[in-house]
Amino acid sequence: MNPLDEPGRASRTTDPCVLVIFGATGDLTGRKLVPAIYQLGREGLLPSNFACVGFARRPKTDEQFRDELKEDISTYSRTKPIDETFWQSFKEQIFYHRSDFDDDKGYQDLAHKLMQIDSRLGTRGNRIFYLSVPPKYFPQIIEKLHKFNLIYKVGADEERWSRVIIEKPFGHDLASSADLQEDIEKYLHESQTYRIDHYLGKETVQNLLVFRFANSIFESIWNNKYIDHVQITVAEEIGIGTRGAFFEEEGILRDVVQNHMMQLVSLVAMEPPVNLGATAVRDEKVKVLQSIRPFVQNDFDQHIIRGQYGSGYINGESVIGYQQEANVNPNSTIETYVAMRLFIDNWRWASVPFYLRAGKRLPKRATEIAITFKDAPGFLFNNQGRKIDPNVLAIRIQPNEGIALKINCKIPGPSSPIQPVKMDFRYGSYFGQSPPEAYERLIWDSMLGDNTLFARSDEVASSWKILTPVLEYWAANRPAFPNYSAGTWGPTEADRMIANNGRIWRIL
Amino acid sequence: MTTQQIVPPAQIESELLRIWDSLDQTRQMRASLFNLIVFNELSTRTDYIRNIVQKIIDTFPCRVLFVSHDPDPSKHYLKTAVSVIASKGTGSNVCDDIDIGVAGSEWERVPYVILPHLLPDLPVYLLWAEDPSHTHPLFQPLAKLSTRIIFDSESADHLTSFAQTLLNLKEQKGQDIADLNWARLEGWRDLLASTFDSKERIKDLNEIDELTITYNGRETEFFCHLKIQAMYLLALVSSRLGWSFQTFEKKKNHFHFSFDQSIRAKIESSFIQELPPGSILSMKISTKGQSHYHFAINPQQPHQATVNITMHDRCELPYRFILRKSLMGQSLVREIFLKGTSSFFVETLHQLQILDRETIC
């Protein structure tokens, strides 16, 4: 332990290291990864002895690579314009390495280049490999990294460490994710494996734990005695754009529900961990996933609704349907919308339904967790037989990050009509700055060796175990698509599904 | 409070944010208790509808989504504009105003423009300022978004079909409904309920043999269906007292109704410049037991009614009754907040269908 690092007060310090990005010319690198690294550097969170190496197949010089990254930072960074003074020194820590992913020589050269960087920049042999590549390359790259001694065996060398960050999707279903896990665990220890789900890096998602476990008023009512149901929505107004080919393989269940939404479910529903360490937190999360009631035959038609958008209007402008998008099969049966009802069979959540919905081309971009509380007992304030609105706690993940509580209030005056009102907390208004991008936090955590905010293998497997039967059922039953217009809140079947339980979807 | 900025729909929220940022130092508070969608056909009535909206905002700040449909078939457009409107009441409460002007087939886009701008967790009220018995393609999509629909029977061509449409919405679709003219009668409903509040008076109610309602026949650009409030009042009284309608006769400008038990009712007009068009001016009730009740609005103080009661054996001292919140807009605002549809209103609508067989309104 560092004798000068006061726990809880001093900023956590990162070891010197090199970050190698595989797929360095890809979209994610330019839009998210490099702007995140730049922000970390500007805020003094990167170690002084740091380097970033881009690994990709296209020929490019270090200078060309740096120029492209500068443009990406200027476009996508959350602080603009680019800080020229910082950039001039930072760019000297950025390098480019051209190689195919299956080329042994490329890895040999990489090893040599990293050693040179170690000696020049003092990065001490510590490595992070960020696999921003299609999943089919994961086993191959990891095997090569192992073959050329770029991955160190855990415990073999206390002076150096190596970690691998793996982008989603981690598998295509339960079997393929198990195969992938089997492939990589030949070379990687779980503690070296950082399965990234950028949702976990969002401030509001991290705040869920603080909100739940640092406020006694909420945690004491966070159970089936007080909560009627939970709605989790991940809505996007954008369509598929240039990701047609990718989406045709994935669909929204794999792209959003299996990872992001299941992570949100587990954070909302988990029991208090014994401490905030990675193992304790992830142990509790995985228990939630393991408690989700498996879907049975009746659920596939009645409690899991899939949809695909047709043409419609977004912000008043006409937009095409999914089947007309580029690189999409004109008869595609891939879902762009899914709604489902889950139950978590444990003491806390028995008989509380969790309604999940995710969709493309919905009216607005919004990710939200809404906790709807049970009605107040009695009929004191019921008006002409109508119930008053239930209390709702809405946790907005994005945009307008914040928390709102809907309560009922008497309208001033001699008579007593009751009106729902909102108490609204917004991060932006309160703290006056835009929260850090999720990738900033996650890359920094990987440098610190803290994998609390990364998915563990059993979390991934548990999630696939719940959803794989759905995928199998869908594969065997052809839907009638499209079934909702772009710019609406999804298919009417989803409205009926929740209405059959006497509830309605929230208008966000 | 700020001038309208024409912006494309995609920039509505960002432009509102910009306006609010520019008001940062003015101590104005952005406030909203509910979403208010207003639909009207672009006409001379539009200013009148805007005036009602301003009255609502004066009492309760809300996010206004004001849709004006231009019926000119030669035009095709969709324009959106934003501004912020101040409450005249508190001064410091200011709310968002999103204006949507639409013509021709562009109406299709309107629900898609509205949907992203509804404030979550707050009720959505729809003020449908047109005749609901006329099919309009925007009605269903907007009604689907709404917690409650407020109509203006002044816009109805025929009161019978208006009542039928509202009843269908209520009874078949479970939609909460209200009507501005019903809301405007609130003072009179209170007056009658508080007058007939003892055993003796309730006995008189059950022995009514003649009822006369006088309304203000002053026609204006915005009000021409002047008999509606009087018809509502007659329908309310007759439905609550279980009168069974028998005959109707029109004599000059008077409308005569007869009910079972030899009960007669008359609706007539008078003209008072100072009072709102169509408003109830007076009501006379005579009973079989020789009791006479006379309620009359004081033209100089239109929120007060003078009540004269004469029994067969005595005269009571006249007194004044304050008609609560009968200012335009105030009654509407109360109606909005009284959740649920009044069961008396529903009964009244049923009765109206019977009384207005001759489509006098």
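Colleague: What makes B:Phe259 count as buried in this predicted model?

Modeller: The relative accessibility of B:Phe259 is 1%. Buried means under 20%, so B:Phe259 counts as buried.

Colleague: Why is the pair of B:Phe259 and B:Trp243 called tilted?

Modeller: The ring centres of B:Trp243 and B:Phe259 are 5.2 Å apart, and the planes stand at 55 degrees. Stacked needs planes under 30 degrees apart and edge-to-face needs over 60, so this pair is tilted.

Colleague: Where in chain B do the two residues of that pair lie?

Modeller: B:Trp243 is in the loop between α9 (228-240) and β11 (245-251), while B:Phe259 belongs to strand β12 (residues 254-259). They are 16 residues apart, and the pair links distant parts of the chain.

Colleague: Is B:Trp243 buried or exposed, and how do you know?

Modeller: B:Trp243 has a relative accessible area of 7%. The cut-off for buried is under 20%, so B:Trp243 is buried.

Colleague: How many aromatic pairs does the structure hold over all chains?

Modeller: There are 43 over all chains. One of them joins A:Phe86 and A:Phe90.

Colleague: Why is the pair of A:Phe86 and A:Phe90 called stacked?

Modeller: Its planes are at 20 degrees and its centres 5.1 Å apart. Stacked means under 30 degrees, with centres within 6.5 Å, so the pair is stacked. Both residues lie in helix α3 (residues 84-90) of chain A, four residues apart, which is about one turn of the helix. Both A:Phe86 and A:Phe90 are buried.

Colleague: Why is there no bond between the sulfurs of B:Cys95 and B:Cys62?

Modeller: The closest cysteine sulfur to that of B:Cys95 is in B:Cys62, 5.4 Å away. A disulfide needs the sulfur atoms within 2.5 Å, so 5.4 Å is too far for a bond. A search of the whole structure finds zero disulfides over all chains.

Colleague: What makes B:Cys315 exposed and B:Cys95 buried?

Modeller: B:Cys315 has a relative accessible area of 62%, and exposed means over 50%, so B:Cys315 is exposed. B:Cys95 has 1% relative accessibility; buried means under 20%, so B:Cys95 counts as buried.

Colleague: Which residues have the most contacts inside the largest nonpolar core?

Modeller: They are A:Phe22 and A:Phe354, in a core of 234 residues. Helix α9 (residues 244-269) of chain A gives the most to this core, with twelve residues. Leaving aside neighbours within four places in sequence, A:Phe354 is in contact with residues including A:Val230, A:Met340 and A:Trp349.

Methods: Residues numbered from 1 in each chain as written. Chains lettered and ligands numbered in written order. Predicted model: local features only at pLDDT ≥ 70, side-chain atom pairs only at ≥ 80, totals over all residues. Heavy atoms only, no water. Phe/Tyr/Trp six-rings, centres within 6.5 Å; stacked < 30°, edge-to-face > 60°. Buried < 20%, exposed > 50% of the residue type's maximum accessible area, 1.4 Å probe, protein only. Core = buried A, V, L, I, M, F, W, Y, C linked by side-chain atoms within 4.5 Å. Contact = heavy atoms within 4.5 Å.
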